[in-house]
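User: Please take a close look at the side-chain interactions in this protein, with attention to the charged and aromatic groups. I would like one connected account rather than a list.

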Amino acid sequence: MPLSLLRDLADKLLRLPELKGFEGKDFDSARAAEIERQVLRKKPALATLYNEYCRPFVESANRAGPGATMVEIGSGTSPLKDKVPGLITSDVTQVGWLDLSMSAFEMPFKSSSVDRLFLMFVCHHLGRFEDFLNEARRVLKPGGEMVIVDPAITPFSKLYYKIHVDKMDVTAKEWGFEGDGRLTDSNIALAWMAFFRDREKFQRMYPEFKIEKVEYNTCLSFLLTGGFRIRQLLPTFAINGLFALENWIIRNVTSKIAVTMAVTVKRV
């Protein structure tokens, strides 16, 4: 059975009751964001993973110190504000628990006024990625940081993401794609293309940006939590144990099985 058919069958049979009937652009809505926020609270295993995904942002916030202006782009269901006091949260869709509705391509901040930009699983949905990088360069202060958690492209993840709901095209020439859906339009490989595959181009176009740190994370555990759309596939204790084991392997043996990465980019 083709992987795409397997993915669609699993989505149909295991879809969370709260999301029954949601199709296509329905997942871009504020209602979908509210449901996904509730799912994160109801799934302890998913919360365990997100605690780890939040860590690089918290560490960066601690480096920024008191009084720093810190902005999260595409906050949606992100729990980061609970961990970073004073964080300005935003999304392109107006949702009640966030501070701002704004586009990543046109931020309502003065030039060189922001200390931190945080993006958690957002970059692969930014179809005009160069426009975003230009805007990030404008608003970040010299010495500021942009921290990005997004899919990693590794030998294992190239197979893993074939059954993911988001699209993946590792051969795309441009850093972007057609479409502007909050969640429904994407290229999972986008951040990897800009920061790794096309590193020389990135450094040439953005000499003000320096990639300071890269960390890899997660193998199968996110899939087994069911994410935000389907039911959890293993007990919480088993997923938590697997998550700890696979991250130990990724950090001590090989990162080639990782499916996510955290990239810290400094504005010099």
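Analyst: The account below treats the salt bridges, then the charges placed over rings, then the aromatic pairs, and lastly one loop residue. The model is a predicted one, and the values that follow are computed from its atoms.

The structure contains 21 salt bridges. One of them joins the side chains of Glu18 and Lys42, with an N to O distance of 3.2 Å. Glu18 belongs to the loop between α1 (3-14) and α2 (30-42), whereas Lys42 is part of helix α2, so this pair ties together parts that are 24 residues apart in sequence. The two partners can also be described by their accessibility. Glu18 has a relative accessible area of 30% and is therefore partly exposed; Lys42, at 55% relative accessibility, counts as exposed.

A second example lies within a helix. The side chains of Glu52 and Arg55 form a salt bridge at 2.9 Å, N to O. Both residues are in helix α3 (residues 44-64), and because they are 3 residues apart there, about one helical turn separates them. Glu52 counts as buried because its relative accessibility is 15%, and buried means under 20%. Arg55, with a relative accessible area of 23%, is partly exposed. The pair does not stand alone: Glu52 and Arg55 belong to a network of salt bridges that also links Glu59, Lys213, Glu215 and Arg251.

A third salt bridge connects two strands. The side chains of Lys141 and Asp115 meet at 3.3 Å, N to O. Lys141 lies in strand β5 (residues 140-151) and Asp115 in strand β4 (residues 114-120), so the contact ties together parts that are 26 residues apart in sequence. Lys141 is partly exposed, at 28% relative accessibility, while Asp115 is buried, with a relative accessible area of 15%.

Charged groups also meet aromatic rings. The charged end of Arg229 sits over the ring of Phe27, 4.0 Å from the ring centre. Similarly, the charged end of Lys201 sits over the ring of Trp175, at 4.4 Å from its centre.

Phe27 leads on to the aromatic pairs. A search of the whole structure finds 14 aromatic pairs. Among them is the pair of Phe22 and Phe27, which is tilted, with 5.7 Å from centre to centre and 50 degrees between the planes. Phe22 and Phe27 are both buried. Phe27 thus takes part in a ring pair and also has the charged end of Arg229 over its ring.

Another pair is formed by Phe202 and Tyr206. Their ring centres are 5.7 Å apart and their planes stand at 35 degrees, so this pair is tilted as well. Phe202 and Tyr206 are both buried. They are also members of one aromatic cluster, together with Phe129, Phe132, Phe195 and Phe209.

The last residue to consider is Thr93, which is placed in the loop between β2 (88-91) and β3 (100-101). Although it is in a loop, Thr93 is buried, with a relative accessible area of 18%. What does Thr93 contact, leaving aside its neighbours within four places in sequence? Its contacts are Asp28, Ser29, Ala30, Ser101 and Arg182.

Methods
Residues numbered from 1 in each chain as written. Predicted model: local features only at pLDDT ≥ 70, side-chain atom pairs only at ≥ 80, totals over all residues. Heavy atoms only, no water. Phe/Tyr/Trp six-rings, centres within 6.5 Å; stacked < 30°, edge-to-face > 60°. Buried < 20%, exposed > 50% of the residue type's maximum accessible area, 1.4 Å probe, protein only. Lys NZ or Arg CZ within 6 Å of the ring centre and 35° of its normal. Helix = DSSP H or I, 4+ residues; strand = E, 2+ residues; numbered from the N terminus. Contact = heavy atoms within 4.5 Å. Salt bridge = Lys/Arg side-chain N within 4 Å of Asp/Glu carboxyl O.
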